[in-house]
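Please look over the sequence and the structure shown below before reading on. The paragraphs after them are meant for a reader who is meeting this protein for the first time.

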Amino acid sequence: MKKLTALLFFCLIIPLTFGFKQDTPGPVQLDWQTHFKGKADARSPFFALTSMTWQYSYESTVYRNRVVIKLKNEVSVDKGRSWVKWDKIKDPQVSADLLHHEQGHADIQNILFMEAERVLKNRTYSVNNYKAQISQLANEISNYFDTMQRNYDDETEHGSNHKMQARWNQIIMDKTEESRAASLADSAK
């Protein structure tokens with residue numbers, strides 16, 4: 001069973017678009033039938049692939065030599081690019097373990113959402129180059145969470161190392177709470 005759950009892959013796709021999106025209140029709760037509609041890659045050694053996106057856009061106003069942005073921010077599962085090899089996860093426990101691990105990726109993506117919301121909105125930007133500053137910050141956030149996603153897979157051995165999976169479950173829970181607390185503190189200012 002460990003070997004089966006080890007064959008998991010997470011693909012993070014982070015398109016930075018300028019289409020306005022609705023804010024997401026919390027992490028999406030993954031399920032096989034709803035979120036994994038893509039055609040499985042027969043050449044892939046993995047049993048599932050979750051493709052997630054982060055999209056942000058903003059409107060800006062310069063007022064009294066200060067830039068104010070109105071941010072639109074969204075994370076989502078790209079259902080058409082996410083897939084599962086149904087013939088490889090017939091055992092209910094393997095399926096549950098694999099989906100639980102995948103849920104960790106969605107939860108990390110939700111932390112990205114909260115941090116992007118907090119960091120991008122609460123910065124002071126230069127009137128002369130705020131677009132470049134916002135883009136740079138967004139890229140830094142994206143890179144940080146892309147690395148976190150890879151570390152999650154590497155350290156948990158794609159969910160097969162149950163001790164490390166439990167450790168990462170706690171890390172994700174702690175980081176979620178830290179992001180919520182930081183957001184509340186920022187909004188209280």
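What follows goes from the whole protein to some of its helices, and then to its aromatic rings.

The model is a predicted one, and its secondary structure consists of five helices and four strands. Following the chain along its sequence, the reader meets these elements in the pattern α-β-α-β-β-β-α-α-α. Of the 189 residues in the protein, 44% are buried, and the accessible surface amounts to about 10,400 Å², with 51% of that area belonging to carbon and sulfur atoms. If one takes the contacts between residues at least 6 apart in sequence, 80% of them join residues that are at least 24 apart.

Helix H3 covers residues 92-121, and at its start a side-chain oxygen of Asp91 comes to within 2.8 Å of the backbone nitrogen of Gln93. Because a helix is expected to advance 1.5 Å a residue, the 30 residues of H3 should span 44 Å, and the 43 Å between its end C-alpha atoms agrees with this. H3 is mostly covered, with 23 of its 30 residues buried.

Helix H5, made up of residues 162-188, can be examined in the same manner. Its N-terminal end is capped by Asn161, a side-chain oxygen of which lies 3.3 Å from the backbone nitrogen of Lys163. At 1.5 Å a residue the 27 residues of H5 should span 39 Å, and its end C-alpha atoms are indeed 39 Å apart, so the expected and the computed values agree.

Which residues of H5 are buried? They are Gln165, Trp168, Ile171, Ile172, Thr176, Ser179 and Asp186, and the buried residues of this helix pack against H3 and H4. For the spacing of such residues it helps to recall that an α-helix has 3.6 residues a turn, so residues three or four places apart point the same way.

Two residues of H5 show how its surroundings vary. Thr176 has a relative accessibility of 11%, and because buried means under 20%, it counts as buried; leaving aside neighbours within four places in sequence, Thr176 is in contact with Ile111 and Met114. Leu184, which also lies in H5, is exposed, because its relative accessible area of 60% is over the 50% that the term requires. Leu184 and Arg118 are 66 residues apart in sequence, while their C-alpha atoms are 9.5 Å apart in space.

The aromatic rings offer another way through the model. A pair of aromatic rings is described by the distance of the centres and the angle of the planes. A search of the whole structure finds five aromatic pairs. One of them joins Tyr144 and Phe145 in an edge-to-face arrangement, with 5.0 Å from centre to centre and 80 degrees between the planes. Tyr144 is partly exposed, with a relative accessible area of 46%, whereas Phe145, at 4% relative accessibility, counts as buried.

Tyr152 and Trp168 form another edge-to-face pair, for which the centres are 5.5 Å apart and the planes stand at 65 degrees. This pair links distant parts of the chain, since Tyr152 belongs to helix H4 (residues 130-156) and Trp168 to H5, with their positions 16 residues apart in the count along the sequence. Both Tyr152 and Trp168 are buried. Elsewhere, ring pairs link Trp32, Phe36 and Trp86 into a cluster.

Definitions and conventions
Residues numbered from 1 in each chain as written. Predicted model: local features only at pLDDT ≥ 70, side-chain atom pairs only at ≥ 80, totals over all residues. Heavy atoms only, no water. Helix = DSSP H or I, 4+ residues; strand = E, 2+ residues; numbered from the N terminus. Expected span 1.5 Å × (residues − 1). Buried < 20%, exposed > 50% of the residue type's maximum accessible area, 1.4 Å probe, protein only. Polar contact = N/O pair within 3.5 Å; in protein donor to acceptor, adjacent residues only side chain to side chain. Contact = heavy atoms within 4.5 Å. Areas by Shrake-Rupley, 256 points an atom, 1.4 Å probe, with all protein chains shown as cover. Phe/Tyr/Trp six-rings, centres within 6.5 Å; stacked < 30°, edge-to-face > 60°.
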